[in-house]
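Visitor: I would like a close look at a single part of this model, followed into the contacts that its side chains make. Please spell out the cut-offs as you go, since I want to know what each term rests on.

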Amino acid sequence: MAETPTGQTHRSRFARLARTRFAIRSVMVVERLWPLVLPLVVIVSLFLSISWLGLFRLMPDMVRTAVLGLLGLASLAALWRLRGFRRPQPAEIDRRIERVNQLEHEPVATQSDQLAGSQNEFADALWREHQKRMAGRLNNLRSDLPETGVPEKDPWGLRAAAALLLVIAAAFSTGPYGGSILDGFRANGGAEVVPPRIDAWVTPPNYTRRAPLYLTAEANRETDHFTVPQGSMLALRVTGGSGTETLSFLGVDDAETLIEPEGASQSETLSSAATARRFASTLAGDGKLILKRDGQEIESWLFSVTPDNPPAIRFAEDPGRAVNGALELVYEIEDDYGAAEAQALFRQAWQATDARPLYEAPDLALTLPRRDGKSIAAKTSRDLTEHPWAGSSVTITLRAVDDAGQEALSEAKVVTLPERIFTNPLAKALVEQRRILALDANGKQRVLDLMDAVMTWPERTLSDLAHFLGVSAARSRLATAQSDDQLRSVVDYLWEIALIIEDGDLTAAEKRLRQAQEALRQALEDGASDEEIAQLMDELRSAMQEFMRELAERAQQNPDLAQQMPENSQMLNQSDLERMLDQIEELAKSGARDQAQELLSQLENMMNNLQAGRSQQGQQGGQQSEMRQQMDELGNLMRKQQELMNETFRMDQMERGQRGQEGQQGERGQQGQEGQNQPGQGQQPGQGQGMTPEEFADAMRGLQQGQGMLRQDLESLMEGLEGLGIKPGEGFGEAGEAMGEAEGALGEGEGEQAVGEQGRALEALRRGAQDMMNQMQQAMQGEQGGGEQGYRQGNNGRDPLGRPQATTGPDFGDSVDVPDEIDTQRARRILDAIRKRLGDALSPALEKEYLERLLNMQ
């Protein structure tokens with residue numbers, strides 16, 4: 001039989017009533033339980049807040065124990081209150097439902113009540129009808145919210161303060177200074193006065209030229225990975241900590257290495273408030289640095305270490321002999337941060353097993369490339385002709401060492417050490433016996449026999465009485481020599497006799513010149529002061545004048561020596577030397593030390609070639625002489641154009657400065673015509689004495705005429721080249737056009753525009769000169785059968801002074817980039833500004849350090 005709708009509705013009402021009773025029961029449980037539990041919750045939140053804020057670590061043990069005891073007693077008292085909890089009864093739940101839903105006549109209780117007394121059908125039917133009507137009021141029952149009464153008991157809202165403190169403490173616990181729940185149960189041994197401070201930094205090795213890296217700086221807070229060079233020094237300092245901090249390094253192989261603090265034994269006896277623990281270690285590989293306190297990680301940093309590779313050194317060219325007889329080594333050195341030192345190692349290629357050499361191998365330090373990483377090539381030229389090993393066969397190996405102590409060796413080269421060429425047979429024989437004795441002291445008797453043979457017929461071999469006395473004295477000293485020191489003195493004496501026989505007193509001047517050149521080169525490399533550079537330049541000038549004077553005297557005494565020089569070779573006069581020396585000194589003082597070193601090397605090569613040119617011979621044809629004359633004229637033309645550009649620049653700067661002074665005086669001069677004639681209103685002596693407009697116009701016209709003459713000289717030069725069958729290049733045409741523009745600008749008084757056009761003309765002349773030299777080379781090679789014969793073959797296309805011959809052209813400034821006067825003035829002004837700023841006492845220390853590094857840049 002199907003269920004009636006009335007039965008379904010009745011069961012639905014009772015289900016809703018059951019759910020309402022459950023909700024009301026939960027509300028009443030919360031109302032009765034929460035006021036009893038709230039004190040315990042507040043006490044627990046206070047304990048957690050104190051722990052997470054790290055306050056327990058700051059408390060002495062007695063205070064910490066007392067706080068824990070108070071919190072424990074308060075917790076027990078709060079738990080004791082839970083005895084008063086009473087569960088809600090069914091009748092109380094029904095009355096709460098009726099009160100919340102505002103039901104009259106107790107319809108909820110009616111559903112569970114029964115009739116009292118005797119039972120009859122009429123009373124039962126009437127009661128069921130009453131229950132049905134009361135049940136009709138239970139269709140929309142609802143529950144209410146708990147009413148704990150806590151706000152009345154806590155009108156100041158202290159419970160909210162405890163909750164807010166708990167949230168703040170939870171956030172603070174995630175930081176490096178946050179505490180732990182277990183801190184309250186650990187013995188601290190004393191309270192920390194201040195919160196711990198952590199400072200960590202990494203200092204790369206000095207040779208890497210990299211700044212220290214501060215790990216705890218604000219800019220590096222978000223950086224989780226650092227890249228540092230190998231060998232960097234790590235330093236970490238914990239100030240005001242508990243004294244239990246530990247530092248360890250976790251490598252890529254998961255091996256953790258503990259880093260011991262510096263002075264750990266002393267720090268253990270100090271109080272935690274005064275403890276400053278410092279850790280230091282060298283980073284040798286990739287890994288993670290971890291700082292812990294009581295076994296808990298508080299900071300960590302991840303590192304990648306860039307390895308320092310060993311250097312590499314190799315020969316770029318085979319060892320050779322320079323024109324002046326010096327040993328010339330051309331090589332390449334590669335290293336991550338530049339090599340610290342390099343040297344050439346020598347050993348005898350062929351030596352008897354029982355040989356007893358008197359001298360060690362030559363000590364030759366190699367010049368290092370600049371540490372800018374742009375160039376790895378280097379060249380060292382050292383005169384070893386005086387060394388006793390000169391003329392013997394040796395094995396040369398190059399050795400390079402970086403700042404980390406890593407070493408590299410090159411391949412070995414077998415070469416004969418350059419020796420001085422002696423033309424006098426007697427001097428040549430003495431040097432040969434000197435070498436035999438120096439390489440093997442056991443050959444003493446052999447040298448004595450050979451010297452006796454030389455002195456057998458002294459009237460034929462020793463025509464000069466002084467030479468006879470010198471050789472005789474050397475023979476006597478050798479015969480009586482017993483120790484190695486005495487033998488070495490004989491070796492030195494033989495060299496002195498050979499020099500006197502060969503060159504007389506010229507060697508002393510030559511040695512002084514080389515010493516002066518070497519001292520100046522070393523000073524430029526070491527960044528010496530301007531005063532020291534000036535002293536060395538004076539010494540170099542004096543030594544060069546003495547050398548040139550003695551060389552001239554020797555040429556006068558021996559006319560055949562002058563005839564050995566090529567007739568058409570370019571001669572170096574005193575003004576050329578002075579100009580080069582002035583340029584070297586000016587470049588050194590303006591900070592262009594690299595250009596100064598290059599120009600000094602060029603001067604040394606010229607002097608070396610001058611010395612070697614005493615034995616060179618050769619002649620050039622008539623057409624070559626004409627070509628060389630044309631190139632000389634072109635070189636003079638370029639030099640005059642450079643000087644004219646410098647003069648134009650000076651005139652333009654003077655005119656600009658005078659206009660600026662007139663503008664400033666114009667504001668003060670508008671005070672009436674009467675004030676201009678007063679004695680006190682005129683120009684002071686030494687001020688405002690510039691050129692008048694008429695004088696400036698005359699000066700500019702003079703420069704204009706000079707520019708016009710240079711343009712005419714260029715046209716004459718081009719005509720002469722056409723007569724020799726050489727077609728002038730486009731550079732000469734562009735140079736003539738630029739000269740015309742510069743001439744017009746000078747006529748209009750436009751100095752700045754004229755300087756620009758003159759610079760363009762100078763650059764065009766250089767291009768034209770290069771094209772002219774290429775055509776001349778082709779012409780000369782056609783006449784000489786490809787250029788493999790004649791004077792060019794004998795001296796590699798250069799005259800005895802090291803300058804280009806007619807087949808290669810003059811030096812147009814391409815070999816060494818020497819700044820002109822305009823660049824030099826600008827560089828000097830910059831240096832003066834840096835020194836002025838560096839001398840300001842109010843300049844920050846960081847700025848002064850930066851300026852000092854600028855002045856000391858190599």
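Guide: The answer below follows one helix and then turns to salt bridges, there and elsewhere in the chain.

The model is predicted, with local features needing pLDDT of at least 70 and side-chain atom pairs counting only at pLDDT 80 or more, while totals for chains, interfaces and linings use all residues. Residues are numbered from 1 along each chain as its sequence is written, and side-chain values use heavy atoms, with hydrogens and water left out.

The part chosen is helix α23, which runs over residues 730–747 and thus holds 18 residues. Helices here are DSSP runs of H or I with at least four residues, and strands are runs of E with at least two, numbered from the N terminus. From its first C-alpha to its last, α23 reaches 26 Å, close to the 26 Å expected at 1.5 Å a residue (the expected span being 1.5 Å times one less than the number of residues).

How are the buried residues placed around this helix? The buried residues of α23 are G731, F732, A735, A738, M739, A742, E743, A745 and L746, where buried means under 20% relative accessible area, exposed over 50% and partly exposed in between, with a 1.4 Å probe and protein chains only. Viewed down the axis of α23, these buried residues fall within an arc of 160°, so they line one face of the helix (the arc is taken from the directions from the helix axis to the C-beta atoms). An α-helix has 3.6 residues a turn, so residues three or four places apart point the same way. On the face of α23 turned away from the buried side sit the exposed residues E730 and E737. After the helix comes G749, with a positive phi near 80°.

E734 also belongs to α23, and its side chain meets that of R760 in a salt bridge, at 3.7 Å from N to O. A salt bridge is counted when a side-chain nitrogen of Lys or Arg lies within 4 Å of a carboxyl oxygen of Asp or Glu. R760 lies in helix α24 (residues 751–783), so the pair ties α23 to a part that is 26 residues apart in sequence. R760 counts as partly exposed, at 29% relative accessibility, and E734 also counts as partly exposed, at 29%.

Elsewhere, salt bridges that share partners join D538, R541, D582 and E585 into one network. Within that network the side chains of D582 and R541 meet at 2.8 Å, N to O. This pair links distant parts of the chain, with D582 in helix α18 (residues 574–589) and R541 in helix α16 (residues 530–557), 41 residues apart. D582 counts as partly exposed, at 40% relative accessibility, whereas R541 is buried, with a relative accessible area of 14%.

For the wider setting, a search of the whole structure finds 27 salt bridges. One of them joins D183 to R57, where the closest N and O atoms are 3.8 Å apart. D183 lies in the loop between α8 (158–172) and β1 (197–203), and R57 in helix α2 (residues 55–58), so that the pair links parts of the chain 126 residues apart. Both D183 and R57 are buried, while R760 and E734, the pair that involves α23, are each partly exposed.
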